[in-house]
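Student: I've got a model open and want to practise reading it. Can we go through it together?

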Amino acid sequence: MLRFGLFGTGHWAAETHGAALDAHPRAELAGVWGRNPERAAALADRYGVPAFDDVDDLIEACDAAAVALPPDIQADIATRAAAAGRHLLLDKPLSLSLADADRVVEAAQSAGVASVVFFTQRFQPNVAAFVASTAAAGGWQHAKTIMFSSIYQPGSPYGASQWRRDHGALWDVGPHALSIILPVLGRVEKVAAVDGPSGLVHLLLTHAGGATSSASLTLDAPPEAVTREFVFYGENGIETVPNGQYEPHVAFGVAIDQLLEEIAAGTRDHRCDVRFGREVVAVLAAAETARAESRTVSVPA
């Protein structure tokens, strides 16, 4: 039984991380920490565990840190948890800067802890199988994704999220797109980006093997235009990425399973570990520069 500390008290922390950890037969929820003590107490009470006032006290009380907080806050907690020898179950994006992502990677590698970053689609069994088979087939020349979300409508649990308002679709849904594109087409070498209406950002990516990909992303699409399209084109024809078959909390349970397997096996090579999370952040940071400076930007290795 692995003891998890839950860091975060928002909708995602409660309904995805907390629900999955509470239901998992090989996970024990050791406690909750949040920036709002009242919400932390309420969530802790919901799951029958202690609420912690101090980050380091909860780190001390657990074997692994499950973090569902804004990316900049996550990076600091993840670094502290890894330095204390705690395994990491994190959310996308890993951080909001490449420097912070590098800190997390260095701390995890120095401590030898296992890590998994939860890119929701990658823990959907049917999507994971598609990515593996498509990558193995090879011969792909281009991928196109359109991810038009609408989180600012009444009733959305994400509309009040300040980090999403500040950083938009590039950093919120961009990681989902990259989590599928990168394993199939390979590392991104160059990024161009332009903005559009309603928070739209359009990316054009050049990959190391010569393939290209494009992504059009927004969190503020008109409700009638909400859509998701994800297609690969190449020598084998056209392949469309399936929709995930699981609810997020069930997919998060798969992530818990895979972290436990990493720990038990002593391996540190999970396909969605902090190093992959860092690769995604490198692309996003380069895209941020590209859209601000209206130029093509190289992505650091």
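Tutor: Sure, let's go question by question, keeping in mind that this is a predicted model.

Student: Let's start with helix packing. How is α1 oriented relative to α9: roughly parallel, roughly perpendicular or oblique?

Tutor: Take α1 as residues 11–23 and α9 as residues 248–265; their axes are 8 Å apart and the packing angle is about 50 degrees. Roughly parallel needs an angle under 35 degrees, and roughly perpendicular runs from 65 to 115. The angle fits neither class, so α1 relative to α9 is oblique.

Student: And which hand does the crossing of α1 and α9 have, left or right?

Tutor: On the α1 side, the residues making the contact include Trp12, His17 and Leu21, and they meet residues of α9 such as Phe252 and Ile256. By class, that contact has seven nonpolar, four polar and one charged residues. As for the hand, α1 passes α9 in a crossing that is right-handed.

Student: What about α7 and α8, how are those two oriented?

Tutor: Helix α7 covers residues 162–172 and α8 covers residues 174–185, and their axes come within 6 Å. They cross at roughly 15 degrees. An angle under 35 degrees has its own class, so α7 relative to α8 is roughly parallel.

Student: Which residues of α8 make the contact with α7?

Tutor: From α7, the contact uses Ala169, Leu170, Trp171 and Asp172. The residues of the contact divide into four nonpolar, two polar and one charged. On the α8 side, the residues are Gly174, Pro175 and His176.

Student: Now single residues. Is Thr134 buried or exposed?

Tutor: Thr134 sits in helix α6, residues 125–137. Setting aside residues up to four places away in sequence, Thr134 touches Trp140, Val184 and Phe232. Its relative accessible area is 4%, and the cut-off is under 20%, so Thr134 is buried.

Student: How far is the C-alpha atom of Ala287 from that of Val191?

Tutor: Ala287 belongs to helix α10, residues 274–293, and at 1% relative accessibility it counts as buried. Leaving out neighbours within four places in sequence, Ala287 is in contact with Leu170, Val191, Ala193 and Leu203. Ala287 and Val191 are 96 residues apart along the chain, yet their C-alpha atoms are separated by 5.8 Å.

Student: How many disulfides are there?

Tutor: Look at two cysteines: Cys62 is buried at 1% relative accessible area, and Cys272 is buried at 0%. Burial doesn't settle the count, though; the rule asks for a pair of cysteine sulfur atoms within 2.5 Å. By this rule the number of disulfides is zero.

Student: Any backbone oddities? Where is the cis peptide bond at Pro93, and what is its omega?

Tutor: Pro93 lies in the loop between β5 (87–91) and α5 (98–111). The cis bond runs from Lys92 to Pro93, with omega near -15 degrees.

Student: Ser198 and Ser294 both have positive phi. Which class of exposure does each fall in?

Tutor: Ser198 is in the loop between β8 (188–195) and β9 (201–207), with phi of about 55 degrees. Ser294 is in the loop between α10 and β13 (297–298), with phi near 50 degrees. Exposed means over 50% relative accessible area, buried means under 20%, and partly exposed is in between. At 39%, Ser198 is therefore partly exposed, and at 66%, Ser294 is exposed.

Key
Residues numbered from 1 in each chain as written. Predicted model: local features only at pLDDT ≥ 70, side-chain atom pairs only at ≥ 80, totals over all residues. Heavy atoms only, no water. Axes fitted to C-alpha atoms, helices over the stretch in contact; angles between N-to-C directions. Helix = DSSP H or I, 4+ residues; strand = E, 2+ residues; numbered from the N terminus. Parallel < 35°, antiparallel > 145°, perpendicular 65-115°, else oblique. Left-handed = near helix turned anticlockwise from the far one by under 90°. Contact = heavy atoms within 4.5 Å. Nonpolar A, V, L, I, M, F, W, Y, C, P; charged D, E, K, R; others polar. Buried < 20%, exposed > 50% of the residue type's maximum accessible area, 1.4 Å probe, protein only.
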